[in-house]
Structures are given as structure tokens and as C-alpha cells.
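Here are some friendly notes to read with the structure open beside you. Take the points one at a time and find each residue as you go.

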Amino acid sequence: MADPRQAAAPAGEHPQLPPSMRDRVPFLLYRAAEASHALANQMLAKIGLTARQAGILTLITESGPMTQRALGTTLRIDRTTMVARGLAERRRHPRDRRAFLITATPDGQQAKAAAIGILDRQQQRFLAPLGHQDRLLLADLLRRLHHGQQDL
């Protein structure tokens with residue numbers, strides 16, 4: 001006989017997840033990242049950007065021009081979808097004629113500055129359920145997990 005807690009949820013409601021999912025850290029991380037990404041995209045839409053575009057602009061503005069390959073590898077995105085709306089441009093690499101450098105245009109630099117302000121507010125909103133010390137602890141734990149994965 002089926003567990004009554006697993007019955008179909010009424011329209012608009014979500015069924016309760018089984019403990020093997022709702023208590024599993026990787027699942028919780030995935031869901032939290034999904035929610036954060038959706039909120040970032042929603043808030044950035046006001047200036048016509050996505051979180052991915054804001055990431056690209058941030059990287060090339062703060063780190064300097066990069067090849068499409070380096071950008072794709074660093075951000076783990078498709079290297080062919082990086083230039084849009086005149087915010088970044090491709091320029092021939094001065095030492096490798098086969099490569100292009102992606103650089104922010106002046107409009108891209110302004111868009112990046114606006115995006116950072118929005119993402120600061122997004123972070124505040126997303127982390128609102130946590131106190132200051134919990135936010136610091138979460139950031140530390142996530143950094144450690146991130147750095148630990150680089151060795152695999």
C-alpha cells in the first residue's frame with residue numbers, strides 16, 4: 001500500500017520530499033543554488049542581463065581581457081556564447097592569431113557596475129534567513145568545499 005504522505009499534492013503545492021532527498025547535502029546545495037540563480041536572473045533582468053552575462057562581465061572587467069577558451073573554462077560555460085548586446089567584444093589576440101580576447105566595452109563596464117549592485121542586494125535577500133555569523137560560516141564552508149573539489 002502506498003504511503004499516504006506520498007500522495008499527489010494538490011495543484012500549486014509541492015509534494016514532500018523523502019528524507020533521502022531532503023536531508024542530502026548535495027541535493028540541498030543544488031536546490032539552494034537553483035533558487036539563488038533564479039533570484040539573480042530575476043533581479044538582473046531589470047537591466048537586461050542574466051547571471052551568466054554578469055559573471056562574464058565581472059571576470060573580464062576585474063581580471064582583464066581573456067581568451068574565449070579561458071573564460072569558458074573559468075566559468076564552465078560554452079565559450080561561443082559570450083558576446084552580446086555590445087557589452088563585450090572580441091579582439092584578435094596580439095600573440096595568437098587563432099585566438100580572440102574578450103574585453104568589456106565601456107557600456108559593458110557600466111553594466112557590470114550596475115550588476116554588482118544588484119547582486120549585492122540579491123545576496124542580502126537570499127541570505128536573509130541567516131544571521132551574520134551563519135553567513136560567514138556558510139561562505140567559509142562553501143569555499144572549503146569548492147577548493148576541495150579542485151583537487152579531484
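1. Let us begin in helix 6, which covers residues 132-150. Asp-140 and Arg-144 both belong to this helix and sit four residues apart, about one turn of the helix. Please keep in mind throughout that you are looking at a predicted model.

2. What do Asp-140 and Arg-144 form with each other? They make a salt bridge, and the closest N and O atoms are 2.9 Å apart. That pair qualifies because the rule asks for a side-chain nitrogen of Lys or Arg within 4 Å of a carboxyl oxygen of Asp or Glu. As general background, side chains of opposite charge can pair when their charged atoms come close.

3. Are the two partners buried or exposed? Asp-140 is partly exposed, with a relative accessible area of 28%. Arg-144 is exposed, at 53%. The two get separate labels because exposed means over 50%, while partly exposed lies between that value and the 20% under which a residue is buried.

4. Now move to helix 2, residues 25-44, for another pair within one helix. Arg-31 and Glu-34 are three residues apart here, again about one turn. Their side chains meet in a salt bridge, with 3.9 Å from N to O. This pair still counts because the cut-off is within 4 Å. Arg-31 is partly exposed at 41% relative accessibility, and Glu-34 is partly exposed too, at 39%.

5. A further salt bridge joins Arg-91 to Glu-89, where the closest N and O atoms are 2.4 Å apart. Arg-91 has a relative accessible area of 48%, so it is partly exposed. Glu-89 is also partly exposed, with 28%. How many salt bridges does the model have by this rule? The count comes to five.

6. Next, look for a nonpolar patch on the surface. Val-25, Leu-29, Leu-138, Leu-142 and Leu-145 form it, and together they have about 380 Å² of accessible area. Which helix gives the largest share of the patch? Helix 6 does, with three residues. Helix 2 and helix 6 each supply at least two residues of the patch, and Val-25 has its place in helix 2.

7. The largest pocket deserves a careful look, with its volume of about 1700 Å³. It is lined by 35 residues, and those closest to its centre are Leu-29, Ala-33, Ser-36, Leu-142 and His-146. You have already met Leu-29 and Leu-142 as members of the nonpolar patch.

8. Which helix gives the most to the lining of this pocket? The answer is helix 6, with nine residues. At least two lining residues each also come from helix 2, helix 3 (51-62), helix 4 (68-75) and helix 5 (106-126). By kind, the lining of the largest pocket divides into 21 nonpolar, 10 polar and four charged residues.

9. Finally, step back to the whole chain. Its secondary structure comes to six helices and three strands. Reading from the N terminus, the order of elements is α-α-α-β-α-β-β-α-α. The protein chain has 152 residues, and buried residues make up 25% of them. As a last exercise, find helix 2 and helix 6 once more, and trace how each supplies residues to the nonpolar patch and to the lining of the largest pocket.

Notes: Residues numbered from 1 in each chain as written. Predicted model: local features only at pLDDT ≥ 70, side-chain atom pairs only at ≥ 80, totals over all residues. Heavy atoms only, no water. Buried < 20%, exposed > 50% of the residue type's maximum accessible area, 1.4 Å probe, protein only. Patch = residues over 30% accessible without salt bridge, like charges linked within 9 Å, V, L, I, M, F, W, Y side chains within 5 Å. Areas by Shrake-Rupley, 256 points an atom, 1.4 Å probe, with all protein chains shown as cover. 1 Å grid on protein atoms, 1.4 Å probe; cavity = no way out; pocket = protein on both sides within 12 Å on 5 of 7 lines; lining within 4 Å. Points joined across faces, edges and corners; volume = space filled by probe spheres on them. Nonpolar A, V, L, I, M, F, W, Y, C, P; charged D, E, K, R; others polar.
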